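I opened a new page to keep track of what I looked up in this structure, entry by entry. The coordinates come from a predicted model, and I read them as such.

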Amino acid sequence: MCLKAFVFGVALAAVCPLAHAAEHVTLKNGFEVDCVRREAVGDRVRLYFVEKGKPASDSNYMDVASDAVVRVEMIADLPEPVAEVKAPSAVTLMTAPTKEEMHEMLAHAGTAHNIDEDLLASVVRAESGGQVRAVSRTGAQGLMQLMPGTASAMGVEDAFRPEQNISGGTAYLDLMLTRYHDNVALALAAYNAGPGAVDKYHGVPPYRETRAYVARVIREFNRRKQMAMVAQAR
């Protein structure tokens with residue numbers, strides 16, 4: 001079964017803040033990306049991003065095919081916006097979604113990106129154990145443990161809202177599957193350790209945590225498929 005469709009149907013603004021952006025790039029698949037610079041790498045184009053409040057990093061980038069770029073627009077540097085002071089608002093208490101609600105959210109996200117629902121469920125289990133308000137020691141948040149910069153780039157306004165978090169996490173996994181040509185192990189490694197680490201080691205990086213993570217997700221995915229086969233055979 002194909003886990004990933006190569007053509008995307010929804011435009012996504014994976015942006016660095018305009019105060020640092022230099023170009024607005026439109027891709028053939030509908031993505032619109034703001035980046036600080038581009039450079040040719042063989043037959044591909046490397047787009048570099050920057051996260052708000054952080055210095056530019058050569059490890060924060062995405063490679064696309066040269067012919068995938070259909071339009072490039074220059075963006076004038078803008079002054080950093082003054083932080084808006086908001087009045088305190090009531091805290092929204094997030095309750096854990098029911099099994100049916102989780103199934104619906106995963107199915108919706110999986111259909112939108114042509115990713116197997118069982119793979120998404122396996123990522124949720126490995127990342128957060130299904131805890132809506134899970135926060136890792138590095139600051140990753142929610143069910144699929146999105147870092148704030150990744151959540152922002154994927155259009156997630158509140159990482160503790162399950163439907164937003166799953167949508168953003170699925171979109172990011174979608175990007176990793178595209179980047180590594182549907183190689184699930186590499187995509188999962190990049191989801192866990194970042195694409196820079198995967199590219200550096202030309203494969204799953206030799207990090208104990210990352211290798212255990214990839215094995216855990218794939219093992220859970222296979223378990224779910226085996227259970228489904230048993231259920232169908234009854």
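How many Å² does the accessible surface of the protein chain come to, and what percentage of it belongs to carbon and sulfur atoms? I noted a total of about 13500 Å² for the protein chain, with carbon and sulfur atoms contributing 55% of that surface.

Next I looked at the overall make-up. I found 7 helices and 7 strands in the protein chain, and, reading from the N terminus, I wrote down the order β-β-β-β-β-β-β-α-α-α-α-α-α-α. Of the 234 residues in the chain, 43% are buried. Among contacts with a separation of 6 or more, I recorded that 44% join residues 24 or more positions apart.

I then turned to strand 2, which spans residues 23–27. Because 5 of its 5 residues are buried, I describe strand 2 as largely enclosed by the rest of the structure. Looking at its two faces, I found Glu23, Val25 and Leu27 buried on one side, and His24 and Thr26 buried on the other. For its pairing I noted strand 7 (residues 69–74), which runs antiparallel to strand 2 over 5 bridges, and within strand 7 it is Arg71 that stands opposite Thr26.

My last entry concerns Glu220, which I located in helix 7 (residues 208–233). Is Glu220 buried or exposed? Its relative accessibility is 8%, and since buried means under 20%, I entered Glu220 as buried. Leaving aside residues up to four places away in sequence, I listed Ser122 and Arg125 as the residues that Glu220 touches.

Definitions and conventions. Residues are numbered from 1 along each chain as its sequence is written. This is a predicted model: local features need pLDDT of at least 70, side-chain atom pairs count only at pLDDT 80 or more; totals for chains, interfaces and linings use all residues. Side-chain values use heavy atoms; hydrogens and water are left out. Helices (H or I, at least four residues) and strands (E, at least two) are DSSP runs, numbered from the N terminus. Buried means under 20% relative accessible area, exposed over 50%, partly exposed in between (1.4 Å probe, protein chains only). Contact means heavy atoms within 4.5 Å. Accessible areas come from the Shrake-Rupley method with a 1.4 Å probe; for residues, only the protein chains shown count as cover. Two strands pair if DSSP finds at least two bridges between them.
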